[in-house]
Each structure stands twice: as C-alpha cells, then as structure tokens.
Amino acid sequence: MRECEGGEKFSVLISVYFNETPIFLKKALDSILNQTLKPGEVVLVKDGIITKELEDVISAEKNKFNKNNIDFVLFIFYSIKIFLILWLLAQILHFLSYIF
C-alpha cells in the first residue's frame with residue numbers, strides 16, 4: 001500500500017441506504033481496492049436498515065479489504081430516526097404545555 005506524500009494515511013467514508021443498488025455498492029468498494037493509492041481504512045455507514053443483498057455485498061467486500069490490510073469499519077446510523085422521535089415528543093410536550 002502506497003502512502004500519501006509525507007507518509008499520512010487517509011480514510012474513505014461511504015454511506016449506504018436501503019434503496020442503494022447492491023451492484024453499485026460492490027463496484028464502488030472494488031474501485032477503492034483497485035486504486036494505486038489505497039486508504040488506511042474504509043468507514044462504511046449503514047444509514048438505517050438495509051436489504052439482505054446489501055448486507056451480503058458488505059460481508060463479501062469486508063473480507064477483501066481485510067486481506068489487503070485495509071481496516072474496514074462498519075457503523076450503523078439511526079440518528080435521523082432518533083431525531084424525528086425526539087422532535088415529535090418535543091412538539092407533543094409543547095402542545096400539552098398550552099393545554100395544561
């Protein structure tokens with residue numbers, strides 16, 4: 001793996017969503033592996049629930065990254081749902097404060 005000028009390593013961040021096409025995700029991850037300058041890590045963020053096909057692609061690709069000494073970090077991100085629930089609760093409490 002070549003390092004950046006000065007020896008710094010870099011990371012690649014990718015988000016994957018429910019409506020993502022599995023073949024496009026596979027192509028994107030394969031493209032990272034085929035670069036001359038490879039990252040030190042790839043951070044893949046699952047933004048909510050994803051399909052089984054996407055999960056299968058992630059599992060297969062994760063093994064490829066590990067074989068190439070590239071850290072593959074997986075995050076599950078549900079903050080938008082949590083934000084919406086908290087916002088809804090705040091609106092309800094605000095409404096109830098006018099009634100009582």
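These legends accompany a set of close-up views of a predicted protein model.

**Figure 1. The whole chain, a protein with three helices and three strands.** Let's start with the overall layout. Following the sequence, strands and helices come in the order β-α-β-α-β-α. Of the 100 residues in the protein, 26% are buried. Among contacts with a separation of 6 or more, 80% join residues that sit 24 or more positions apart. The accessible surface adds up to about 7200 Å², and carbon and sulfur atoms hold 63% of that area.

**Figure 2. The largest nonpolar core, with 15 residues.** Here we look inside the protein. Leu25, Leu29, Val42, Leu44 and Phe65 are the residues with the most contacts inside this core. Strands S1 (11-16) and S2 contribute two or more residues each, and so do helices H1 and H2. Val42 is a good place to pause: beyond its neighbours within four places in sequence, Val42 is in contact with Val12, Ile14, Leu29, Ile32, Phe65, Ile70, Asp71, Phe72 and Val73.

**Figure 3. Phe65 and Phe72, an aromatic pair.** How many aromatic pairs does a search of the whole structure find? The search turns up one. Its partners, Phe65 and Phe72, are 5.3 Å apart centre to centre, and with 40 degrees between the planes the pair is tilted. Phe65 has a relative accessible area of 0% and is buried. Phe72 is buried too, at 9% relative accessibility.

**Figure 4. Helix H1, residues 22-33.** The 12 residues of H1 span 17 Å from first C-alpha to last, close to the 16 Å expected. Which residues of H1 are buried? They are Leu25, Leu29, Asp30, Ile32 and Leu33. These residues lie on the same side of H1, because the arc they cover around the axis is only 155 degrees. A general point helps here: an α-helix has 3.6 residues a turn, so residues three or four places apart point the same way. Phe24 and Lys27 are exposed, on the face of H1 turned away from the buried side.

**Figure 5. Leu33 and its surroundings in helix H1.** Leu33 has 10% relative accessibility; it counts as buried because that value is under the 20% cut-off. Setting aside residues within four places in sequence, the contacts of Leu33 are Lys38, Glu61, Lys64, Phe65, Asn68 and Ile70. One of these, Asn68, is 35 residues away along the chain, yet 8.0 Å separates its C-alpha from that of Leu33.

**Figure 6. Helix H2, a run of 16 residues.** From its first C-alpha to its last, H2 reaches 23 Å, close to the 22 Å expected. Leu54, Val57, Ile58, Glu61 and Phe65 are the buried residues of this helix. Seen down the axis of H2, they fall within an arc of 100 degrees, so they line one face of the helix. Look to the other side of H2 to find Lys52 and Lys67, which are exposed.

**Figure 7. Glu61, a residue of helix H2.** Is Glu61 buried or exposed? At 2% relative accessibility, Glu61 is buried. Apart from residues up to four places away in sequence, Glu61 touches Lys26, Leu29, Asp30 and Leu33. Asp30, Leu29 and Leu33 are also among the buried residues of H1.

**Figure 8. Ile50 in the loop between strand S2 (41-47) and helix H2 (52-67).** Although this residue belongs to a loop, Ile50 is buried, with 9% relative accessible area. Leaving out neighbours within four places in sequence, Ile50 is in contact with Val16, Tyr17, Phe18, Glu55 and Ile58. The C-alpha of Ile50 is 7.8 Å from that of Asn19, a residue 31 positions away along the chain.

**Figure 9. Asn69, in the loop between H2 and strand S3 (71-77).** Here is a backbone detail to look for. Where does Asn69 stand relative to H2? Asn69 follows this helix, and its phi is positive, near 60 degrees. In general, most residues other than glycine have a negative phi. Asn69 has a relative accessibility of 64% and counts as exposed.

Note on methods
Residues are numbered from 1 along each chain as its sequence is written. This is a predicted model: local features need pLDDT of at least 70, side-chain atom pairs count only at pLDDT 80 or more; totals for chains, interfaces and linings use all residues. Side-chain values use heavy atoms; hydrogens and water are left out. Helices (H or I, at least four residues) and strands (E, at least two) are DSSP runs, numbered from the N terminus. The expected span of a helix is 1.5 Å times one less than its number of residues. Buried means under 20% relative accessible area, exposed over 50%, partly exposed in between (1.4 Å probe, protein chains only). The arc is that of the directions from the helix axis to the C-beta atoms. Contact means heavy atoms within 4.5 Å. Accessible areas come from the Shrake-Rupley method with a 1.4 Å probe; for residues, only the protein chains shown count as cover. A nonpolar core is a set of buried Ala, Val, Leu, Ile, Met, Phe, Trp, Tyr and Cys residues joined through side-chain atoms within 4.5 Å. Rings of Phe, Tyr and Trp (its six-membered ring) pair if their centres lie within 6.5 Å; planes under 30 degrees apart count as stacked, over 60 as edge-to-face and the rest as tilted.
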